[in-house]
Amino acid sequence: MKKRRAFTAAELIISLLVMSITYAAMSLSSASAKQTAQHEAERLAAYIYRTIQKADRMHVGFDMDMDFETKADGVKEYYVTIKWPGDENYEKPRFKASAGCSYTDNFVGTNGKITYNVMNKRFTNGGSNTGGTITVTDYQGEKYYVIIAVTEGRIRLSENPPD
């Protein structure tokens, strides 16, 4: 009796099925890894809220600013910088944007920064009560807004820019 050394049709179909399921899982996970503007804005607002809680526990205010660095490959990396009183590492980025996302702000006042006053539990812009908005843009160009309201001392998220 002669032995054949080949795959059966069932073995080929099963191996193709396994490979297609693996490919589908890999492509879905990379697509879901893209950060949307809304998710990035929620992540940023949570970071700001945690920083406020830390300031309240320490009874110390802080300055906050948005900035970016241009890497060697020309890609801009956006981040939030928090400056605590007496902090020598001010230029060190504290919170980086996810890949494909960018931050811009409309903070007016002293050097375009916004200051958290721990006594009033509110943000100020160089003495004025104008608040500020951080615009988060994702890789598709969609925008979401983190609105810092000084009069209420709260942070809210919106799909629409503030009036």
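User: Does Tyr78 count as buried or exposed?

Analyst: Keep in mind that this is a predicted model. The cut-off for buried is under 20% relative accessible area. Tyr78 comes in at 17% relative accessibility, so Tyr78 counts as buried.

User: And Phe68, which class does its relative accessibility put it in?

Analyst: Partly exposed is the band between under 20% for buried and over 50% for exposed. Phe68 has 36% relative accessibility, so the class is partly exposed.

User: How are the ring planes of Phe68 and Tyr78 arranged as a pair?

Analyst: The count of aromatic pairs comes to 6. For Phe68 and Tyr78, the ring centres are 5.5 Å apart and the planes sit at 45 degrees. Stacked needs planes under 30 degrees apart and edge-to-face over 60. An angle of 45 degrees fits neither, so the pair is tilted.

User: Which strands does that pair link?

Analyst: Phe68 and Tyr78 are 10 residues apart, and the pair links distant parts of the chain. Phe68 lies in strand 1, and Tyr78 in strand 2.

User: Which element gives the most residues to the largest nonpolar core?

Analyst: That core has 29 residues, with Met64 and Tyr103 touching the most other members. Several elements each supply at least two residues, including strand 1 (62-70), strand 2 (76-83) and helix 2 (37-58). The top contributor, with 8 residues, is helix 2.

User: Which Phe residues does Met64 touch, leaving out residues up to four places away in sequence?

Analyst: Among the contacts of Met64 are Ile48, Val80, Ile82 and Ile148. Lys113 and Thr81 are on the list too. The Phe residues there are Phe107 and Phe123.

User: How far apart are the closest N and O atoms of Arg43 and Glu40?

Analyst: Both residues lie in helix 2, 3 residues apart, about one turn of the helix. Glu40 is buried, with a relative accessible area of 0%, while Arg43 counts as partly exposed at 30%. They form a salt bridge, and the closest N and O atoms are 3.2 Å apart.

User: Which residues are linked with Glu77 in a network of salt bridges?

Analyst: Glu77 forms a salt bridge with Lys71, with the closest N and O atoms 3.4 Å apart. Glu77 also bridges to Lys96, again with 3.4 Å between the closest N and O atoms. That second pair links distant parts of the chain, Glu77 in strand 2 and Lys96 in strand 3, 19 residues apart. The network joins Glu77 with Glu69, Lys71 and Lys96.

How values were computed:
Residues are numbered from 1 along each chain as its sequence is written. This is a predicted model: local features need pLDDT of at least 70, side-chain atom pairs count only at pLDDT 80 or more; totals for chains, interfaces and linings use all residues. Side-chain values use heavy atoms; hydrogens and water are left out. A nonpolar core is a set of buried Ala, Val, Leu, Ile, Met, Phe, Trp, Tyr and Cys residues joined through side-chain atoms within 4.5 Å. Buried means under 20% relative accessible area, exposed over 50%, partly exposed in between (1.4 Å probe, protein chains only). Helices (H or I, at least four residues) and strands (E, at least two) are DSSP runs, numbered from the N terminus. Contact means heavy atoms within 4.5 Å. Rings of Phe, Tyr and Trp (its six-membered ring) pair if their centres lie within 6.5 Å; planes under 30 degrees apart count as stacked, over 60 as edge-to-face and the rest as tilted. A salt bridge is a side-chain nitrogen of Lys or Arg within 4 Å of a carboxyl oxygen of Asp or Glu.
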